[in-house]
Structures are given as C-alpha cells and as structure tokens.
Amino acid sequence: MQFDQAVLFTLFVAVFALLLWGRWRYDVVAFSALMVAVVLGVVPADAAFSGFGHPATLVVALVLVVSAGLVRSGAVYLITRTLVDSSRRLGTHIAIMGGIGGVLSAFMNNVAALALLMPVDVQTARKAGRAPGLSLMPLSFATILGGMATLIGTPPNIIIATFRADALGAPYRMFDFAPVGGIAAIAGLAFVALIGWRLIPQREDGVIRAADLAQYVAELNVPEDSDHVGKRLGELWQEAEKADVAIIGLTRDGRRLYGNARNNILQAGDAIVLEATPEALDEFRSALNLAFSDEKREGLLTAAGEGLDILEVVVPTESRLVGRSAQSIGLSWRQRAVLLGLSRQGQRIRSQIRRTSIEAGDILLLLVPKDTGPDVAEWMGCLPLADRGLTVTENTKTWLAIGLFGAAVLAASLGLIYLPVALGIVVVGYVLFRILPLQELYEHIEWPVVVLLGSMIPLGAALESSGGTSLIADSLVWATDGWPAWAILTALMVVTMTLSDVLNNTATAIVAAPIGVQMAQTLDVSPDPFLMAVAVAASSAFLTPIGHKNNTLVLGPGGYRFGDYWRMGLPLEILVIAVSIPAILVFWPL
C-alpha cells in the first residue's frame, strides 16, 4: 500500500468514525478531512475546492431552491388537499401518502418532499386521533424510495451520473434510473403500505395534541372577483375540514352576523371568521383564493414588492397594544402590517379581529413586508416567537411554477439542455416572476450538504487517482472470485447498503461509485450494472435514523427510538436487493 493510499484510507476511516459518533456535524468533519488531506499533500491544492463547482453540488443546491418555489406557489397544496383524508384507514392513508411522497421525491429532493408532507401527515394523525409514529416512518421510507427513480430524486443518483460520465463519456439521463430504481421503489412502497407499517412498535411518545399547536381566531376576506360570491357559507365547510380549519362565523361591514352561519350568502368584502393554525389558515386561503385582508390593506403590503412574512408575537404587559385594537393604533398604515389572527388561551373572540381590544398574553399572527418583522415587533413592544418557517403561499402562480419546472424537466430529459442549466433557468424564472422572493433565495439551500459534497468529492477523486479504489475493488473481486455475476452485484449492494446505514448516503455514493467502476473494469464488463447497484444501495438506508436525513427528521415527531427502524427497514432492504438484482441484469446487462 502506498503512502497516499494509506493516508486517504486513514482519513476515510476517521471521517466514517466521526460521522457515526455524531459529536460533530458532518460538514465540519468532511471539510476538516479535506484540509488535512491538502496539508499532507494527498489532495493537490489547486483541486481542493473543485468539488464546490462540481455539477453534483450545483444540482443539489438548485433542486432545494426549486423545491422551495414549488411550496411557495401552492403546487404541493394542489396535490395533497385533494388526496388526503383523515377518515381513511391507516393502511390506505399510508399507501396514498407514500404514493404522493414517492412521486414528489422523484422530481424534487427527497428531503424536501418529506419536509413538505410531514406536517400534512402529522395534522392528519391528530385529526384521526392516532400517534404520528404509525405513519411518519412509512412516509420517510416512501420518499427515500421514490428518489431512486430519477436523476434528481436523490444526491447519490446525481453523483453516480457524474461517475458514469467519467467512465463512459456520457452521464445518465433523467429517467435512466427508472427501470431499476422505479421497480425497487414500487416494490418497496407496496411492502411499506401492506406489511411494513405493522412492524413499527406502537407507542404514544410522538402524539401531537391539538393543544401543542397554536390555534388562532382569524379572518379571510372574500375578494370582488371571487367564485364564491353568491354561495352559502356552508358550501365551504367541506374544504375547511380538509384543511383542518373551523369556520365559526361571518363578518360583514365590520359587524358579526349571527344566526345559522351555514345559510348566509357570501358577498364581496365579507370576512370569514375561522379558527386554525397558521399552516392550515394559509392552506385554506390558497385552496379557495381568499384574501388575507381587504384591498386597501393588501395594497399597503404588496406596494413594497419584495414578498411577505408571517410573524408570530406574544404581547407583554408593557406593549403599546395592550388595551387597544390593531385598527385604533393604526397598525396597517403605520407599520404596513395586517393582523391575521389572535390566540387568547382558548377563548373565542366575538368581535372583528382588527377591532378586538388586545390583552397582555395574547399571541398575534401578523402579515408584514419581507424582512420587517423585527422592526414591527419592536415598534409594538412585542416579543417574537421562535421562527417556525411560516410562509405565504403565492397561489395565483401555482400553474406558472409547475409549468416552468415541468418544461425544464422535459427539456433535460430529452437532452435539449444540460440539467444544472435547466434548473438554473427555473430558479431565475421563479425570482423574476416573484414566485420565490429574492431575499429567500439562499435560505433554502442546505449549506451543510453543499459543504459535505464539496469536501468529499476531491477526497473521492484523490482516492481514485491514488489507486485506492482499485485496491478495494480488487479485494472485493478477489473475495468473490468464481461467483456468478448476480452474486457479485449482491455483494456490492450489501457492502454499499451497510455503509449507507451508518454514513451519509452522499458520502457512501462518493466512495462506492468508483469501486463499482473499478470492479467492472477488473471483470472486463460494462460499468452500468455496478453503478446501478451502487445507486440503489446507497439510497437504501433503512436500518438506522442516521443513515438518511429523512429518517432523522421523523425521529422526534414520530416518538421513535434508535432500534425501531430495523424492524421495518431490514426486510425492506432485503426486498430491494431481491428485486433490484434481476432488474439490473435485464435492463443493464453485463
């Protein structure tokens, strides 16, 4: 073993051990290893930061921005609000949510897909009166599985595509992963929906009760051009139930209408009085194209043209708002802020929200121009609550956002434009059309993931150029000497899956991809089946909560323990191997 190989193997072992230990964040570990490698001379100084300009790094960052644009446009609400119903049986709910999650994660980052659907799943569990842990792990696994089917669904596929370009001169295209990854995903989703969820330990640790979610009394206005003018208020109740919103009344010309609210005929300018969480309020507004406030106040907000923020504040005794209403203090014209909702320890608010006298201890939900929240809170003398990432859905631009993204995916799939360029054009379009505010552009990029990729790619390249991957591949070939092709591919998948269960799946793909290529060269066969085996295996991290970010995301809300994952994850990994090997040999012959 040469000096460079010994140093790199030592560094990789140290990185893996530190990632498994979990004391330091993975991006710090990876970047530190890169710096050590540069100092020791095993990574050339002029190539130290080449990974940050690598196509894989750029695509991961761009996909996260595009995903945020799809959320802000209401594209995800459009899908989920028509398909999710808390009255369904648990198995049916898991099958539907898993299917939605699998399809979404095929066309957007699978971490982002889970982040979108997890609040929906938790709300559904709360309305159904069951623990979220019964459905959150299946949803996590479904989004991981769905990402296997396309180039952009998961970072390992992007990395594998770039290694294929180095080995054969051309990267994989958008749907080249579908024959193998798609079959594995469909089989996995069927297992999760029919059998897997029954293997999850049932406990109430992760139950989120209604009291844990801030419920506001709020008002939404019926615009002049609304399709709902002339309808009875009761006709909106079905959509309200889907969004988990309670309609509690109607206000007209500043006065609350009493009697049987269901039979009131809606008029332009009416304010529908609701009780809801901020997320549910925005979903209901987006679904019915309602307005946050009247045209005058909406005009004050949108005049800035830089987007809107949702702000939650608590009113202390010394606040200038105590004993006064939002209207009397001139909140809208003084601070260009609109009071959306008010939460008062479960009490029902009887008067119009903006005319209600505010008391100490009230929690206010405000709509403010972008980046003015701290100034508005300071002027009111209120204390901002922890940022929950609340956003305002631009529901008038839903189809524009879908159209831009769909056109980019189609163009990239047909080879008309390079994928990173296509995604970059989508991002530019989202900014120009104000689907995604310019100020938020960089907030949605997971910079630790970018640093991890940018650091590990040069290390992986150095391991390959030093002959380290050839050494590993030769050892694996030697260990499997005389085995049939399917057995060799199985061994490669098992080794890769094992690494992915204890490491970041991106790091696993970076290490395992060149090993697969080297094994193919040693056996004098096509690298494609080996790269496909690595791609599927690197994404199949189902045994632990640390192997994939999605599993980590559901750990707390689901009330899971470290040892819960393997119960459903182990048979799922065996199933993935069982269906993937034949598919690889059929669609990507040696």
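Is Arg336 buried, partly exposed or exposed, and what is its relative accessible area? In this predicted model, Arg336 has a relative accessible area of 32%, and it therefore counts as partly exposed, a class that lies between the cut-offs of under 20% for buried and over 50% for exposed residues. Arg336 is placed in the loop that runs between helix H13 (331–335) and strand E6 (338–343), and, although it is not a glycine, its phi is positive, at about 50°.

A positive phi is also found at Asn289, another residue other than glycine, where the value is near 55°. Asn289 belongs to the loop between helix H11 (278–288) and helix H12 (295–302), and with a relative accessibility of 44% it is likewise assigned to the partly exposed class. A glycine with a positive phi, Gly74, occurs just after helix H3, with a value of about 85°.

Helix H3 itself comprises 18 residues (residues 55–72), for which a rise of 1.5 Å a residue predicts a span of 26 Å; because the C-alpha atoms at its two ends are 26 Å apart, the expected and computed spans agree. The helix is mostly covered, since 15 of its 18 residues are buried. Among the residues of H3 are positions that meet helix H8 (residues 155–168), in which Thr162 is found: when residues up to four places away in sequence are not counted, Thr162 touches His54, Pro55 and Ala56. Thr162 has a relative accessible area of 15%, and it is therefore buried, this value being under 20%.

Strand E4 (residues 271–276) is also mostly covered, with 5 of its 6 residues buried. Two strands pair with E4: strand E1 (residues 216–221) does so in the antiparallel sense over 6 bridges, and strand E2 (residues 246–252) runs antiparallel to E4 and is joined to it by 5 bridges. Ile272 of E4 takes part in both pairings, as it is the bridge partner of Leu220 and also stands opposite Leu250.

At the surface, a nonpolar patch is formed by Leu400, Val428, Leu432 and Phe433, which together present about 380 Å² of accessible area. One of these residues, Leu400, is located in helix H15 (residues 398–413). The relative accessible area of Leu400 is 33%, so that this residue is partly exposed, and the value is in keeping with the requirement of over 30% for membership of a patch.

Methods:
Residues numbered from 1 in each chain as written. Predicted model: local features only at pLDDT ≥ 70, side-chain atom pairs only at ≥ 80, totals over all residues. Heavy atoms only, no water. Helix = DSSP H or I, 4+ residues; strand = E, 2+ residues; numbered from the N terminus. Expected span 1.5 Å × (residues − 1). Buried < 20%, exposed > 50% of the residue type's maximum accessible area, 1.4 Å probe, protein only. Pairing = 2+ DSSP bridges. Patch = residues over 30% accessible without salt bridge, like charges linked within 9 Å, V, L, I, M, F, W, Y side chains within 5 Å. Areas by Shrake-Rupley, 256 points an atom, 1.4 Å probe, with all protein chains shown as cover. Salt bridge = Lys/Arg side-chain N within 4 Å of Asp/Glu carboxyl O. Contact = heavy atoms within 4.5 Å.
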